[in-house]
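Welcome! Take a moment to look over the sequence and the fold, and then we will walk through a few spots together.

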Amino acid sequence: MTNLKFAYWVPNVSGGLVVSKLPQHTDWSFDANKRYVQIAEDAGYDYALLQTRFFARYGAENQLEAITLGSALAAVTKKINLIAAVHPGLWHPAVYAKMLATLDQISNGRAAVNIVSGWFKQEFIGYGEHWLDHDERYRRSEEFARVLRELWTKETTTFKGDFYRINEAPFKPKPVQGGDLPIFQGGNSQAAKEMAARVSDVYFMNGNTLEGFKKQIDEVRALAVKEGRTVKFAANGFAIVRDTEEEAVDLLRQIVSHADKEAVEGFREAVKDAGQASKEKDGMWANSTFEDLVQYNDGFKTGLIGTAEQVADRIIELKKLGVDIVLTGHFHYETDLERFGKEVIPLVKEKELALKESGVLA
């Protein structure tokens, strides 16, 4: 079993990672994100996940496009991997394959992609694109992933799908990583799990309880076995690390009590086109409470709230379930990102080593 890796949400949209009016020291600008990524790299983070957003419904009025910003951040970093999120339907996969290959060249093999099937209808119809039903969006995303992989590995590509056509297309230069450039993907629905099993390298999970994470991991792992594949797992969590548990919990209460109620309800309405729209009526945000939605990827549920020791212990429990990557959001990016990296990540590594030496972890 590989050592845990750590990723952080890049705040490339305004409003930070919570839908709250409580003042936070987090900015969406390039200059701020340049500082954050360098802090994260120095503090031991392995990945930076850049969000994709074009329309706002929850306070994110300003958005920097993911792969463009990723290319700029690649030029000012040396080690951290840059995951650019993308919406199939708003991008053609061959064009995006070229953009990712370029990012991989700029970063010397540090590019990755997170394929987001999309839940915000207005982003698609606002730009004149067709809005597909829930499961059809995942079918399109799967084709998108297959086109990427074929272009990265073949001299010329011909692809005949339901959504995309590629006709004897050459592709040079290839990514530094070639066909191994990682494909991440999220979504809690059955369609999302089946897509992950067939084409994705890493399956992103929204915040959840330990029981919820275990259920998802077991389901996707079983589906991947049927496909003759293995999939890694990444868990989202909003981290609040303070000197005492009381301080951490108090900040959580303040964030929720100062929630922008109108924006949260707007978000709740928008995500009805996500998991609730699936055939099984179960997926991302299908069962989220108001408090869950204040952190718009259910990050509070994961329980990364307390002292550094408590948060590290919680992360070890995630590791035992099969989580390979922990993805964190933060409140005050200017200080909390560095604190997590310098206080929590080393503790997790110490605990991992101790458990391996004792035979608890392989």
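Gln 24 counts as buried, because its relative accessibility is 17% and buried means under 20%. Keep in mind that this is a predicted model. You will find Gln 24 in the loop between S1 and H1. Leaving aside neighbours within four places in sequence, Gln 24 is in contact with Gly 15, Gly 16, Leu 17, Val 18, Phe 331 and His 332.

The side chain of Gln 24 also takes part in a polar contact, and another one sits at the start of H2. Here are the two together.

| From | To | Distance |
|---|---|---|
| Gln 24, side chain | Gly 15, backbone oxygen | 3.1 Å |
| Glu 65, side-chain oxygen | Ile 67, backbone nitrogen | within 3.1 Å |

Let us stay with helix H2, which spans residues 66-74. Which of its residues are buried? They are Ala 66, Ile 67, Leu 69, Gly 70, Leu 73 and Ala 74. Seen down the axis of H2, these buried residues fall within an arc of 155°, so they line one face of the helix. Their packing partners are strands S1 (5-10), S2 (47-50) and S3 (81-86), along with helices H1 (30-43) and H3 (93-107).

Finally, turn to the largest nonpolar core, which has 114 residues. Tyr 8, Ile 255, Ile 315 and Phe 340 touch the most other members. Helix H12 (residues 333-357) gives the most to this core, with 8 residues. As for Ile 315, not counting residues up to four places away in sequence, it touches Leu 4, Phe 6, Leu 304, Val 326, Phe 340, Val 344 and Val 348.

Notes
Residues are numbered from 1 along each chain as its sequence is written. This is a predicted model: local features need pLDDT of at least 70, side-chain atom pairs count only at pLDDT 80 or more; totals for chains, interfaces and linings use all residues. Side-chain values use heavy atoms; hydrogens and water are left out. Buried means under 20% relative accessible area, exposed over 50%, partly exposed in between (1.4 Å probe, protein chains only). Helices (H or I, at least four residues) and strands (E, at least two) are DSSP runs, numbered from the N terminus. The arc is that of the directions from the helix axis to the C-beta atoms. Contact means heavy atoms within 4.5 Å. A polar contact is a pair of N or O atoms within 3.5 Å; within protein, one must be able to donate a hydrogen and the other to accept it, and residues adjacent in sequence count only if both atoms are side-chain atoms. A nonpolar core is a set of buried Ala, Val, Leu, Ile, Met, Phe, Trp, Tyr and Cys residues joined through side-chain atoms within 4.5 Å.
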